Amino acid sequence: MITIKNLGLQDYAQTWEEMKKFTVSRESTTPDELWLLEHHAVYTQGQAGKAEHVLNTKGIPIVQSDRGGQVTYHGPGQLVVYTLIDIQRRNLGIRTFVSKLEQSLIQLLKQHYGILATIHCGAPGVYVNEKKIASIGLRVKNGCTYHGIALNVAMDLTPFDGINPCGYETLKMTQMSEFVDDISIGKVAQQFTQELLSILGHKL
């Protein structure tokens, strides 16, 4: 069983604290959860993050996070899905779980929107024509994951110019609205959830 929560527009720091509390307090029988939301504009720096990849925040706050990866940006119009999953109970390694997240994103983009996306070896996330459309950053504690995916749906991409996204100086970002007209983040959230649940072996 997976509990789905649609949380709307949320503050990053507060949601992060709630994720940690949920993960620390959960028991072996606690159902997994998916939190679907958007964030107010914020940069987040992962555990491997280096200060030189932050170029010009232009007043957007930056938060030091405990997820994996480097610096990224979250803002309205970007679908964030936090995956509060007991991968130990599911007999999944972290790399296998990341692969399933990538597969879900690729299936969503192809099946529902005709967008052909790929992965890059050694660089988690999903790419379209060498531009990144979705990022993945996770933390595992006591065999359970938190944090998750960020899919650019229909947002202002300008703040990505203030950083080296994911630590890559030449990496450019893209979003679904560059390929599809009249797109709804709520519908995308529902479709991604269906794809992920299917790949994790849940009946829809």
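This passage describes the fold, the central helix packing and a few side-chain arrangements of one chain.

The model is predicted. Its chain contains 3 helices and 10 strands, which run along the sequence in the order β-α-β-β-β-β-β-α-β-β-β-β-α. The radius of gyration is 16 Å, close to the 17 Å that the globule rule gives for 204 residues, so the chain is as compact as a globular protein of that length. Along the principal axes, the C-alpha atoms occupy a box of roughly 45 × 35 × 30 Å. Burial applies to 51% of the 204 residues. Of the contacts between residues at least 6 apart in sequence, 70% join residues at least 24 apart.

Helix 2 is a good place to begin a closer look. It covers residues 94–113, 20 residues in total, and spans 28 Å from its first C-alpha to its last, close to the 28 Å expected at 1.5 Å a residue. Gly-114 follows helix 2 and has a positive phi, near 65°. The buried residues of the helix include the nonpolar Phe-97, Val-98, Leu-101, Leu-105, Leu-108 and Leu-109, but Lys-100, Glu-102 and Ser-104 are also among them. Together, the buried residues of helix 2 pack against helix 3 (185–199) and five strands: strand 6 (78–84), strand 7 (118–120), strand 8 (123–128), strand 9 (131–141) and strand 10 (144–152).

The interior can be followed from here. In soluble globular proteins, nonpolar side chains tend to be buried together. In this chain, the largest nonpolar core has 35 residues, and those with the most contacts inside it are Leu-151, Met-176 and Val-188. Two or more residues come from each of strand 2 (32–39), strand 6, helix 2, strand 8, strand 9, strand 10 and helix 3. Helix 2 gives the largest share, 7 residues. Beyond its neighbours within four places in sequence, Leu-151 touches Met-176 and Val-188, along with Gln-78, Leu-79, Leu-105, Leu-108, Ile-133 and Ala-134.

Thr-170 offers a view of the surface. This residue sits in the loop between strand 10 and helix 3. With a relative accessibility of 70%, above the 50% cut-off, Thr-170 counts as exposed. Its C-alpha is separated by 20 Å from that of Ala-150, which is 20 residues away along the chain.

Aromatic side chains complete the picture. The structure has 4 aromatic pairs, and ring pairs join Tyr-43, Tyr-73 and Phe-160 in a cluster. Elsewhere, Lys-20 lies over the face of Trp-16, at 4.0 Å from the ring centre.

Conventions. Residues are numbered from 1 along each chain as its sequence is written. This is a predicted model: local features need pLDDT of at least 70, side-chain atom pairs count only at pLDDT 80 or more; totals for chains, interfaces and linings use all residues. Side-chain values use heavy atoms; hydrogens and water are left out. Helices (H or I, at least four residues) and strands (E, at least two) are DSSP runs, numbered from the N terminus. The expected span of a helix is 1.5 Å times one less than its number of residues. Buried means under 20% relative accessible area, exposed over 50%, partly exposed in between (1.4 Å probe, protein chains only). Contact means heavy atoms within 4.5 Å. A nonpolar core is a set of buried Ala, Val, Leu, Ile, Met, Phe, Trp, Tyr and Cys residues joined through side-chain atoms within 4.5 Å. Rings of Phe, Tyr and Trp (its six-membered ring) pair if their centres lie within 6.5 Å; planes under 30 degrees apart count as stacked, over 60 as edge-to-face and the rest as tilted. A charge sits over a ring if NZ of Lys or CZ of Arg is within 6 Å of the ring centre and within 35 degrees of the ring normal. The radius of gyration is taken over C-alpha atoms; the globule rule is 2.2 Å times the number of residues to the power 0.38.
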